[in-house]
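This report describes the secondary-structure packing and selected side-chain environments of the structure shown below. Attention is given to helix contacts, sheet topology and two individual residues.

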Amino acid sequence: MSTNYPIPMQHPMLDARIQDGVLTVAMGTAQAPACFDVPAIEALDQIVKQLSTDQQVRVLVFRASGAQFGQGLDPQAFEHMFADDRARVQQALHTVRRWRNGQFRQLPQPVLAVIEGDCAGAAITLVEACDIALCSDDARFMLNGEDARWLALEPEAQPSAEWLCARALSYHYLTGRSFNGQEAERMGLVTFSHPNGSLANELSQLLTSLCEKDPLALQFTKETLAHVGSMSWDAAVSFTAAKFAEIKARQADIPSARASAIAGFLAGKNKPGLGG
């Protein structure tokens, strides 16, 4: 049975519930799809920040409360807020960029998006930020020109920088043409697209598999994926060796001397395992 998850900031668009270690953040309402205003972004960011130290949460899942995943930004709300508090709008857009640029991948828990119905504009950026994304075959993805105008204030928050080539990007923005779940899988936006009737079962199996795994091993895997891509071969070998030692020590509940070396390595101060 799911229970309400205590969150620092309440917002009518967000409903957070936890069951068996799975925190589900349902967005929008049964009557209306999620449409992000600045307070919604701030509230969601507080949930994300809280998870970094919450060991009861094994997996984070974003999905819709109703039939649509999300319509992106709320243009009218942004216009009103921008007139009154430009700095707060800029900070909210910076938050969206931070999500996309790796904050979700730095959480110890796997972060999933489950997309049904429409997913537009900044909602696509949220999907990009997740570790794994599942969708239904008939999900409908749309690049939103109105969102693009606001996200231009934080260009790295724009969706599609990695999975959609420049010519296709122009086509979808200029024509407004949507694409379905199967196309999104081929493009690399989502991990898998499933027939509508099997999406729930596929999600259930995935959550069971993730919750059965050692949380430290999942955290190590995420940290490795986040960092080694930009390292040299020697640095990557050193990093993974140090992380294995740290995990073994933490699993045995023994303080690890290499934990501080890892922190120093990521800060560029030394090279653990190489005499740095």
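In this predicted model, the axes of helix 2 (residues 75–84) and helix 3 (residues 86–103) come within 5 Å and cross at roughly 130 degrees. Angles from 65 to 115 degrees count as roughly perpendicular and those over 145 as roughly antiparallel; helix 2 and helix 3 are therefore oblique to each other. On the side of helix 2 the contact is formed by Phe78, Met81, Phe82 and Asp84, and on the side of helix 3 by Arg86, Arg88, Val89 and Leu93. Sorted by class, the residues in this contact comprise five nonpolar and three charged ones, with no polar residue.

Helix 3 also packs against helix 4. The axes of helix 3 and helix 4 come within 7 Å, with a crossing angle of roughly 35 degrees. Here Val96, Trp99 and Arg100 of helix 3 meet Thr125, Leu126, Glu128 and Ala129 of helix 4. The classes represented are four nonpolar, one polar and two charged residues.

The two helix pairs are set side by side in the following table.

| Helix pair | Axes come within | Crossing angle |
|---|---|---|
| Helix 2 and helix 3 | 5 Å | roughly 130 degrees |
| Helix 3 and helix 4 | 7 Å | roughly 35 degrees |

**The seven-stranded sheet**

Seven strands form an open sheet with mixed pairing, in the order 1-2-3-4-5-7-10. Its edges are occupied by strand 1 (3–4) and strand 10 (192–194); each has a single partner strand, so one side of each is left without a neighbour in the sheet. Strand 1 is joined to strand 2 (residues 14–19) by two bridges in the antiparallel sense, and Thr3 has Ile18 of strand 2 as its bridge partner.

Further into the order, the pairing of strand 5 (residues 111–115) is parallel on both sides: three bridges link strand 4 and strand 5 in the parallel sense, and four bridges link strand 5 and strand 7 (residues 132–136), also in the parallel sense. Ala113 takes part in both pairings. Within strand 5, Ala113 is the bridge partner of Phe62, while in strand 7 the bridge partner of Ala113 is Ala133.

Is strand 5 enclosed or open to its surroundings? Five of the five residues of strand 5 are buried, so this strand is largely enclosed by the rest of the structure. The side chains alternate in direction: Val111, Ala113 and Ile115 point one way, Leu112 and Val114 point the other way, and all are buried.

Helix 1 (residues 38–51) lies across strand 2, strand 3 (22–27) and strand 4 (59–64), and its direction makes about 175 degrees with that of strand 3. Helix 1 contains Asp45, a buried residue with a relative accessible area of 4%. What does the side chain of Asp45 contact? It makes a polar contact of 3.1 Å with the side chain of Arg98. Leaving aside neighbours within four places in sequence, the contacts of Asp45 are Thr95, Arg98, Trp99 and Gln103. Trp99 thus appears in two settings, as it touches Asp45 and belongs to the helix 3 residues that meet helix 4.

**The three-stranded sheet**

A second arrangement is an open sheet of three strands in the order 6-8-9, again with mixed pairing. Strand 6 (118–120) and strand 9 (179–180) are its edge strands, each pairing on one side only. Strand 8 (residues 140–142) runs antiparallel to strand 9, and two bridges join them. Phe141 stands opposite Phe179 of strand 9. Helix 4 (residues 122–129) packs on this sheet, where it touches strand 6 and strand 8, and its direction makes about 90 degrees with that of strand 6.

Phe179 is also among the contacts of His172, a residue placed in helix 6 (residues 166–175). Not counting residues up to four places away in sequence, His172 touches Leu143, Leu164, Arg177, Phe179 and Met187. His172 is buried, its relative accessible area being 4%. The side chain of His172 reaches the backbone oxygen of Arg177 at 3.0 Å. His172 and Asn144 are 28 residues apart in sequence, and their C-alpha atoms are 9.0 Å apart in space.

How values were computed. Residues numbered from 1 in each chain as written. Predicted model: local features only at pLDDT ≥ 70, side-chain atom pairs only at ≥ 80, totals over all residues. Heavy atoms only, no water. Pairing = 2+ DSSP bridges. Contact = heavy atoms within 4.5 Å. Axes fitted to C-alpha atoms, helices over the stretch in contact; angles between N-to-C directions. Parallel < 35°, antiparallel > 145°, perpendicular 65-115°, else oblique. Nonpolar A, V, L, I, M, F, W, Y, C, P; charged D, E, K, R; others polar. Buried < 20%, exposed > 50% of the residue type's maximum accessible area, 1.4 Å probe, protein only. Polar contact = N/O pair within 3.5 Å; in protein donor to acceptor, adjacent residues only side chain to side chain.
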